[in-house]
Amino acid sequence: MKAGIKIVQMRGTIFLPENIGYTEDNATKFQALLMPNGTIGNVFLGGNMPIAAAPQWGGPWCLTQTENGQTKQIMFLPNKIDVIAYNDNGYDAEAEKSFITECKMSFYKIFEELGETTKLTRLAYAPLLVIEKEQQPHKGIFNKILNIKSEETDYITDRDVTFTLKREVVINGKNILLNLLHKISDGYQTITTIGNPTKKEIYMLQLDINTVVEQRYKFEKNDVESFYDKVIELKNSLIDNLNI
């Protein structure tokens, strides 16, 4: 990863034709299969965040585990499953590779549990990156996207730009069309260590590499591995394309 850029959240997603809602049997089975030391919790769909109340029968739920200041979750949402890792201090390249391997292993186990006849409708990888403004003062990522000039006394803030590129790639020998979603915005990051929290001005770059829904793809187990084998290279190419 380039200096001044770090990944603070990674999310791998598979979309299913069925819903794995909360039941005691589902929770027990998938906890043992995917995250034996994880805790079972509820999910608030408005922000896809865990909440303290117990999951409702048939509703969304999650497994959560925190180790060494890093939190990992597996969220069972309507017709999709997310594997998520959070770390305010950022992940390095080796940690990202490890996360991708973990996604492949988790989704492989889910496939085995649901049966070989299961076909996935979409695949996605969505890393959230922060770019520290103090380390990129001369770059001005928005200068490459927004041609808006300010007066000498103006200071532009609260910028939020979203756009999607399309790219066709070969996944497991098949031509698959991808959405390459970019969401770039001004923001702040608070890092809490020993002592007082530190607040930094940042750019937030949310990337979402996902298969196009309109194509009505049906993905099998080997397709999942092939897709996730490509996502880090795709992510890096999108960062290079922004010239930051």
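Colleague: Is Thr-66 buried or exposed?
Modeller: This is a predicted model, and Thr-66 is found in strand 4. That strand, residues 61–67, is mostly covered, with 5 of its 7 residues buried. The cut-off for exposed is over 50% relative accessible area. Thr-66 has 54% relative accessibility, so the residue counts as exposed.

Colleague: How far apart are the C-alpha atoms of Thr-66 and Ala-85?
Modeller: Ala-85 is the bridge partner of Lys-72, and Ala-85 belongs to strand 6. Along the chain, Thr-66 and Ala-85 are 19 residues apart. The separation of their C-alpha atoms is 9.6 Å.

Colleague: How many bridges pair strand 4 and strand 5?
Modeller: Strand 5 covers residues 70–77 and pairs with strand 4 in the antiparallel sense. Among the facing residues, Glu-67 stands opposite Gln-70, and Cys-62 stands opposite Met-75. The number of bridges between the two strands is 7.

Colleague: Which residue of strand 4 is the bridge partner of Gly-41?
Modeller: Strand 2, residues 39–44, runs antiparallel to strand 4, and 4 bridges join them. The residue in question also stands opposite Met-75 in strand 5. The partner of Gly-41 in strand 4 is Cys-62.

Colleague: Which residue takes a positive phi in the hairpin of strand 5 and strand 6?
Modeller: Strand 5 pairs with strand 6, residues 80–91, in the antiparallel sense over 7 bridges. In the hairpin of strand 4 and strand 5, with 2 residues between the strands, Asn-68 has a positive phi near 55 degrees. The hairpin of strand 5 and strand 6 has 2 residues between its strands, and the positive phi, near 65 degrees, belongs to Asn-79.

Colleague: Are Lys-80 and Asp-82 buried or exposed?
Modeller: The side chains of Lys-80 and Asp-82 meet in a salt bridge, at 4.0 Å from N to O. Buried requires under 20% relative accessible area. Lys-80 meets that condition, and Asp-82 does too: both are buried.

Colleague: How are Lys-97 and Glu-94 separated within helix 2?
Modeller: Lys-97 and Glu-94 form a salt bridge, with the closest N and O atoms 3.6 Å apart. Lys-97 is partly exposed at a relative accessible area of 44%, while Glu-94 counts as exposed at 53%. Both lie in helix 2, residues 93–114, and because they are 3 residues apart there, their separation is about one helical turn.

Colleague: Which residue meets Lys-104 in a salt bridge?
Modeller: The N to O distance in this pair is 2.6 Å. One residue lies in helix 3, residues 221–242, and Lys-104 lies in helix 2, so the pair ties together parts that are 125 residues apart in sequence. The helix 3 residue is partly exposed, with a relative accessible area of 48%. The partner of Lys-104 is Asp-229.

Colleague: How are helix 2 and helix 3 oriented to each other?
Modeller: Their axes are 10 Å apart, and the packing angle is about 165 degrees. The contact includes Ile-100, Phe-107 and Phe-111 of helix 2, which has among its facing residues in helix 3 Val-224, Tyr-228 and Ile-232. Helix 2 passes helix 3 in a right-handed crossing. Angles over 145 degrees count as roughly antiparallel, and therefore the two helices are roughly antiparallel.

Colleague: How are helix 1 and helix 2 oriented to each other?
Modeller: The axes of helix 1, residues 24–34, and helix 2 come within 10 Å and cross at roughly 135 degrees. Helix 1 passes helix 2 in a right-handed crossing. The contact is made by Lys-29, Phe-30, Leu-33 and Leu-34 of helix 1 with Ser-106, Lys-109, Ile-110 and Glu-113 of helix 2. The orientation of the two helices is therefore oblique.

Colleague: What share of the residues in the protein chain count as buried?
Modeller: The chain has 3 helices and 10 strands. Among its contacts with a separation of 6 or more, 68% are between residues 24 or more positions apart. The chain has 244 residues, and the share that count as buried is 48%.

Terms used. Residues are numbered from 1 along each chain as its sequence is written. This is a predicted model: local features need pLDDT of at least 70, side-chain atom pairs count only at pLDDT 80 or more; totals for chains, interfaces and linings use all residues. Side-chain values use heavy atoms; hydrogens and water are left out. Buried means under 20% relative accessible area, exposed over 50%, partly exposed in between (1.4 Å probe, protein chains only). Helices (H or I, at least four residues) and strands (E, at least two) are DSSP runs, numbered from the N terminus. Two strands pair if DSSP finds at least two bridges between them. Axes are lines fitted to C-alpha atoms, for helices over the stretch in contact, and angles run from 0 to 180 degrees between N-to-C directions. Angles under 35 degrees count as roughly parallel, over 145 as roughly antiparallel, 65 to 115 as roughly perpendicular and the rest as oblique. A crossing is left-handed if the near helix is turned anticlockwise from the far one by less than a right angle, and right-handed if clockwise. Contact means heavy atoms within 4.5 Å.
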